[in-house]
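Please open the structure in the viewer and keep the selection tool at hand. The tour below proceeds one selection at a time.

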Amino acid sequence: MFTLLDLVNHYLGYFTTNSKVKGRIYTAVGAMGVWYLLYLAYRFFVNGRILRGSLLVAIFLVLLYFVILNVLYFFTKKTTKWDISPKIEQIVGQPHEESAQAATSVIIPANGLYERQDVMNGVIDSNLQQRTNIEAIAREMTDLNLIAQDYGHLGEQAQRQIIAQKGVINANHPGTILPYFDMQEADGTLTILGGINQLQARELGNVSRVGLTPTEQALSHYRLAVASVVLTGGPSHVATRSELIDDQQPYQIRVEIAYMRRF
């Protein structure tokens, strides 16, 4: 069986076959080898070799369990509560490619660093003109090759985990920080600006809430500063039962607001 798997691996090396197709082929070949073990066990029983036959049956059952897991993984999108592969991964180390957490890029803002506990997400409302500005900045950044399109180097399973939570994964996951961004206050309104640089900055939206607090109330109790403005959206993946398919999402911004209590 191992010789046959080695031959399959050798010849597949001549083709640009993706990992899922290879997995399906290995599963099919491995399944044939597993049933051959059962035949050998039967022959041992016929010849009175009960101990050896029983050992082969035990090996057959273990390998059959993993074949069934592979069938579920490579041929369907179903899972089972009896899957022990996550525990095995914890023992031998999880694969880097399929780890969504490990592959997430660290975004470093350009205008200062803040402690995590001093930053909250801002809720942004953008009118039609501001949404148009966001799309224009996205095109400019794309032309300058400032937006990654590699899905955070995540494999299909890791992408599916994110899609299960958010419904979609963007090609520039986890987002692209704007080269320039700022926040201006006027009459109790906080406006987010951003662009390729300060001279080309545009209005991108207004902050309606800081965390769960309305902006006007937050301004009366805290000093506020924009910690990061991240561009999301654009080319994306959504999931069907059998594959990931391309999608196009509107560009939008994700904003973090740093705060400090007024004395």
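In this predicted model, a search of the whole structure finds two aromatic pairs. Select tyrosine 222 and tyrosine 259, whose rings form an edge-to-face pair, with 5.4 Å from centre to centre and 85 degrees between the planes. The two residues lie 37 residues apart, and the pair links distant parts of the chain: tyrosine 222 belongs to strand E8, tyrosine 259 to strand E9. Is tyrosine 259 buried or exposed? Its relative accessibility is 24%, so tyrosine 259 counts as partly exposed.

Next, select the two strands that carry these rings, E8 (residues 222-239) and E9 (residues 244-261). E8 and E9 pair in the antiparallel sense over 16 bridges. Together they form a hairpin, with four residues between the strands. Within this pairing, valine 238 stands opposite isoleucine 245 in E9.

Keep E9 displayed and add strand E1 (residues 119-125). Over how many bridges do E1 and E9 pair? There are four bridges, and the sense is again antiparallel. Here, select valine 119 and, opposite it, alanine 258 in E9.

For the last stop, move to helix H6 (residues 128-143) and select asparagine 133, which is found there. Asparagine 133 has a relative accessibility of 11% and therefore counts as buried, the limit for that class being under 20%. To see what surrounds this residue, display Arg202, Glu203 and Leu204: asparagine 133 is in contact with these three, leaving aside its neighbours within four places in sequence.

Methods. Residues are numbered from 1 along each chain as its sequence is written. This is a predicted model: local features need pLDDT of at least 70, side-chain atom pairs count only at pLDDT 80 or more; totals for chains, interfaces and linings use all residues. Side-chain values use heavy atoms; hydrogens and water are left out. Two strands pair if DSSP finds at least two bridges between them. Rings of Phe, Tyr and Trp (its six-membered ring) pair if their centres lie within 6.5 Å; planes under 30 degrees apart count as stacked, over 60 as edge-to-face and the rest as tilted. Buried means under 20% relative accessible area, exposed over 50%, partly exposed in between (1.4 Å probe, protein chains only). Contact means heavy atoms within 4.5 Å.
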